[in-house]
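The following exercises are to be worked with the sequence and the coordinates at hand. Each task is followed by a solution in steps.

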Amino acid sequence: MPRFTVHIRDEWLAVPCRDAANTIQWLGLEALKRYVKNKPDNGGIAEVKDARFVVRRCQGQGLLDADDTVEDVLEDNDFVELALEGDTMSPDFIPSQPGVSHLYPYHVKCSEYISLDGNSLTSTDLVNLGKGLYKIKLAAESETKVVQARELLDTIVKENKVVYGITTGFGKFARTVIPVSKLKELQENLVRSHSAGVGNPLSPERTRMLLALRINVLAKGYSGISLETLRAMVQAFNASCLSFVPEKGTVGASGDLAPLSHLALGLMGEGRMWSPNSGWADAKYVLEAHGLKPISLRPKEGLALINGTQMITSLGAEAVERAQSIARQADIIAALTLEVLKGTTKAFDSDIHALRPHPGQIEVAFRFRSLLDSDHHPSEIGASHRFCDRVQDAYTMRCCPQVHGIANDTINFVKNIINTEINSATDNPMVFAERGETISGGNFHGEYPAKALDFLAIGVHELASISERRIERLCNPSLSELPAFLVNEGGLNSGFMIAHCTAASLVSENKVLCHPSSVDSLSTSAATEDHVSMGGWAARKALRVVEHVEQVLAIELLAACQGIEFLRPLRTTTPLEKVYDLVRSVVRPWIKDRFMSPDIEAVHRLLLDQKVWNVAKPYIDKYETEYIPESRPVSPTAFSLDSPASPRKRVRHE
């Protein structure tokens, strides 16, 4: 028999429907009957049959026609909102998709699994889990370790030993011993009281990442979680039942307590939860609609669920993955700009960079050589100015290997730290089953990912800073020899004038966002936690910096492609023509002024999907295999960013 969950004012009501041919009007009236039944004053509704209302889906908030049948417009366990005439939307009703990112689809049905063992998850895997591309299962060896650690904790409780967080209070109350009869209440109180975050909820993708990462850490078997609870978390992840997790409230030590508490609260059937079927609703109803039961906390389990750096690290994983993606594509975009501005390729000579053999610098110079005018990829634009009297280019073109290079090296450094943190036990106390003891330590402190993500913001920002200067050169006729702001009939048309201003504004915002949050610390918990990392803000602002970098480079790519229009019929190299064709598949040339934001958004989408990289990469790879020099060995410190352990083969310079 179908059943629906109806939200009226401040209550959620389960309404069974024996006849699926009943109408939406019937469903609303039946829900109202149940609502007024429990109200002393009938909820202010004189006669249910005379009530006027509208019904909308919680998911997507689409209005439902009162005359439609239930079977035609709803599915079993659907969630709907009933709004009475004269009411505003219920004060505790949360729209179904707040915080849903525009970057990824918020729900993708999948059948493939990633096995979590606490040791082998990567930042790439974690981002893919966030996108909903995989479900989760626990590795068999992890289940064994989890059971062994739990058995030790159960023994500690039976023997009435005094152990922090298991039979005592927390923080300042660490010396307060709690009676065995109240240990369950102790853990529940911990989660409830620590659910004190504020702000918008994390998007479903980021909440999935947070939940997946916490499962991975618990799967290491050093936290004392029960296998039953861990399996319940896996089931919630696979059903995409996601807790309401406010983005603000963590100081990054003792771990990300507030956001992880909100994550655990929903799993306990309290607070709010989101699922693709329900949108936002009371957690207990969301779990029940998916055939899941709220978790029941045993001794130490509340602490095991909330103590760790997973908020910082999961957001950091997304930041570093997107940073790596945009850094590779920045080289392609800059190469296209150099072509439009008729720059020289001499500054990318391999011998120059062998004398300063930073891996990132060598890699970027190689990419420029593989894309620009050469015997392998001749350029008609390059040939048109081969014998000009220009000696050298401005730094924004000539110094791309040095500037882009350190951004690449910084990203690799940060990625190593994030991947280590992803597979680290960050709980306290640690449960060592093989030693038969628990040990208090400080692995929950978020300084490692906090510092790394501050470095990431500073490093990747420079890609936008130098890109904005190249946009200026493209738009400025005294520097580009192109029409002002890349448009004909200047004055009547403004072209890229304000697009450049947008880029400048984003770069300026980044200058503020790049101030490191991890240089700050405020003592908390009555001076028990007297040094903290502020890593939550480091992660959130790093993501914002990366997004700004993507948007600035999207504007540069648009401007460079527009510049190509004024150089026709001359053509650039084959790989750069392919990039131009890709852009023109989503944005037409700028003939006269039009609404520009959609163009920027469309090209930003190309960069997010790595389509610019995917178009150019085959040519870069082919250039590498075909242009191996006969002499002069490569510097031993020059490594490929794609394969950090492999020496980059030397290539012929033009």
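**Exercise 1. Determine which residue of S2 stands opposite His7, and describe the pairing of S1 with S2.**

Solution. Step 1: His7 stands opposite Trp12 in S2. Step 2: Thr5 likewise has a counterpart in S2, namely Ala14. Step 3: strand S1 (residues 3–8) and S2 run antiparallel and are joined by six bridges. Strands here are DSSP runs (E, at least two residues), helices are runs of H or I with at least four residues, and both are numbered from the N terminus; two strands pair if DSSP finds at least two bridges between them. Step 4: the two strands form a hairpin with two residues between them, and Arg9 in the turn has a positive phi of about 55°.

The model is predicted: local features need pLDDT of at least 70 and side-chain atom pairs count only at pLDDT 80 or more, whereas totals for chains, interfaces and linings use all residues. Residues are numbered from 1 along each chain as its sequence is written, and side-chain values use heavy atoms, with hydrogens and water left out.

**Exercise 2. Place S1 in its sheet and state why it is largely enclosed.**

Solution. Step 1: the open sheet has five strands in the order S2-S1-S5-S3-S4, with mixed pairing. Step 2: strand S2 (11–16) and strand S4 (63–64) are the edge strands, each pairing on one side only. Step 3: S1 runs parallel to S5, to which four bridges join it; Ile8 has Leu82 of S5 as its bridge partner. Step 4: five of the six residues of S1 are buried (under 20% relative accessible area, 1.4 Å probe, protein chains only), so S1 is largely enclosed by the rest of the structure.

**Exercise 3. Give the order of strands in the sheet that contains S11, and explain what is left open at its edges.**

Solution. Step 1: the order is S9-S11-S12 in an open sheet with antiparallel pairing. Step 2: strand S9 (242–243) and strand S12 (279–282) each have a single partner strand, so one side of each lacks a neighbour in the sheet. Step 3: two bridges link S9 to strand S11 (residues 272–275), and Ser243 stands opposite Met273.

**Exercise 4. State how many residues of H17 are buried.**

Solution. Step 1: helix H17 (residues 447–475) has 29 residues. Step 2: 21 of its 29 residues are buried, and the helix is thus mostly covered.

Key: The expected span of a helix is 1.5 Å times one less than its number of residues. Buried means under 20% relative accessible area, exposed over 50%, partly exposed in between (1.4 Å probe, protein chains only).
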